[in-house]
There are 2 protein chains.
Amino acid sequence: MKLGDGHRMTPQRREVYEVLMEHPDHPTATDVFMRVKERMPAISLATVYNCLDTLSGAGFIIQVNVDREPSRYCGNLAPHGHFHCEKCGTVLDVQLKEGVQASKAVKLPRGAVVERFEVAVRGYCPQCVRKQKIESSRSA
Amino acid sequence: MKLGDGHRMTPQRREVYEVLMEHPDHPTATDVFMRVKERMPAISLATVYNCLDTLSGAGFIIQVNVDREPSRYCGNLAPHGHFHCEKCGTVLDVQLKEGVQASKAVKLPRGAVVERFEVAVRGYCPQCVRKQKIESSRSA
DNA sequence: TCCTTATCAATAATTATTCTAAATAAAATT
DNA sequence: AATTTTATTTAGAATAATTATTGATAAGGA
């Protein structure tokens, strides 16, 4: 993997990237830090932030923001949206259905140039919904 | 206007709300603070945060997050998306075209319950595009 | 009125993230 | 190879936005 721009693929960056590919569960910087630290105990949180920043700057990973919560990182480069569970905090990838495009979905200001398009869905994930139902039927 | 939940409509909350309605330009908490302070010099930033929080909790305003930038606040309660200019930082409301719905646009995990749906478009606003063009033709 | 609850403002604290500076390492050049 | 340049890492300090705490004040109900 080459990063371009004179950036090197260092051991730290490689580990950070590996960790993201191994568990595509949208970890936060701290999550990544803890996972990398197991295999590379000397690494610092600042380095993890640097690596995440470099990797996303180079387009190898995507930074995902959910409200004002800590940023999460995602190795899925295909265009997709995110579902965020308000109960357990899980972030799931959701596929955009075919034919859904920014320019089609919204009335853009005339003359605007679109760079990115983000779709976020908030709600309760299947697991939490199921639990909720069990709980409420129990209490009933 | 009633807030419910035993919350009162205090002078501070009223001013904060008024300011948002007067200029629907998605001000940040600090922007709101500066505007309210002109008419109510004793108010503190913390109180503005409290008011914004109470008002959005009660559903009178919407908190809009753009990446990790400071939250912005919006009095437009109709369902809409946001366009964010990467150059000048302006946030514009964009209408969702008719027939565009969360459930239609994305393949949701089976069993998930949707609460909210957010569309964010990033790019360059018409003004910045125009300026850019003028600049580049000048330099050419 | 008395009592409970809500509110405000100031300040302190928290959280996520970025910056700084010094040390290290790899690449480029001589 | 030695030197120079450039990129990188690290620890810790710094920052910015936001939240929590506290003590005083005020509103509403019994």
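**Figure 1. Salt bridges in this predicted model.** Counting over all chains gives 14 salt bridges. Side chains of opposite charge can pair when their charged atoms come close. The next three views pick out some of these pairs, so that you can find them in the structure above.

**Figure 2. Arg122(B) meets Glu118(A) in a salt bridge.** The closest N and O atoms of this pair are 3.1 Å apart. Arg122(B) sits in strand 6 (residues 113–124) of chain B and Glu118(A) in strand 6 (residues 113–124) of chain A, so the pair joins two chains. How accessible are the two partners? Arg122(B) is buried, with a relative accessible area of 3%, while Glu118(A) counts as partly exposed at 29%.

**Figure 3. Arg122(A) and Glu118(B) also form a salt bridge.** Here the closest N and O atoms are 3.0 Å apart. Because Arg122(A) belongs to strand 6 of chain A and Glu118(B) to strand 6 of chain B, this pair joins two chains. Arg122(A) counts as buried at 3% relative accessibility, and Glu118(B) is partly exposed with a relative accessible area of 30%. Look around this pair and you will find a network of salt bridges that links Asp67(A), Glu86(A), Arg122(A), Arg116(B) and Glu118(B).

**Figure 4. A salt bridge between two helices of chain B.** The side chains of Arg39(B) and Glu15(B) meet with an N to O distance of 3.7 Å. Arg39(B) is in helix 2 (residues 29–39) and Glu15(B) in helix 1, so the pair ties together parts that are 24 residues apart in sequence. With 44% relative accessibility, Arg39(B) is partly exposed.

**Figure 5. How chain B is superposed on chain A.** Two copies of a chain are related by a rotation about an axis and a shift along it. In this model the rotation is 180° and the shift along the axis is 0.1 Å, with an RMSD of 0.2 Å. The two copies are therefore related as by a two-fold rotation axis. To place the axis, look for Val119(B): its C-alpha is the nearest to the axis in chain B, at 2.4 Å. Both copies use the same surface, as 100% of the contact residues of chain B recur in chain A.

**Figure 6. The protein surface near DNA strand D.** Which residues come closest to this strand? Among the 17 residues that surround DNA strand D, the closest are Arg8(A), Thr10(A), Arg13(A), Thr47(A) and Tyr49(B). Of the strand's atoms that come within 4 Å of the protein, 86% belong to sugar and phosphate. A polar side-chain atom of Gln12(A) is 3.0 Å from a phosphate oxygen of the strand. Ser71(B) places a backbone N or O atom 2.9 Å from a phosphate oxygen of DNA strand D. Helix 3 of chain A gives the most to this surface, with 3 residues. By class, the surface holds 5 nonpolar, 8 polar and 4 charged residues.

**Figure 7. The protein surface near DNA strand C.** Of the 17 residues around this strand, Tyr49(A), Arg8(B), Thr10(B), Arg13(B) and Thr47(B) come nearest. Sugar and phosphate make up 83% of the atoms of DNA strand C that come within 4 Å of the protein. A polar backbone atom of Arg8(B) lies 2.6 Å from a phosphate oxygen of DNA strand C, and a polar side-chain atom of Arg13(B) is 2.6 Å from a phosphate oxygen of this strand. The surface near DNA strand C has 6 nonpolar, 7 polar and 4 charged residues.

Definitions and conventions:
Residues numbered from 1 in each chain as written. Chains lettered and ligands numbered in written order. Predicted model: local features only at pLDDT ≥ 70, side-chain atom pairs only at ≥ 80, totals over all residues. Heavy atoms only, no water. Near = heavy atom within 4 Å. Polar contact = N/O pair within 3.5 Å; in protein donor to acceptor, adjacent residues only side chain to side chain. Helix = DSSP H or I, 4+ residues; strand = E, 2+ residues; numbered from the N terminus. Nonpolar A, V, L, I, M, F, W, Y, C, P; charged D, E, K, R; others polar. Least-squares fit on C-alpha atoms with pLDDT ≥ 70 in both. Contact = heavy atoms within 4.5 Å. Salt bridge = Lys/Arg side-chain N within 4 Å of Asp/Glu carboxyl O. Buried < 20%, exposed > 50% of the residue type's maximum accessible area, 1.4 Å probe, protein only.
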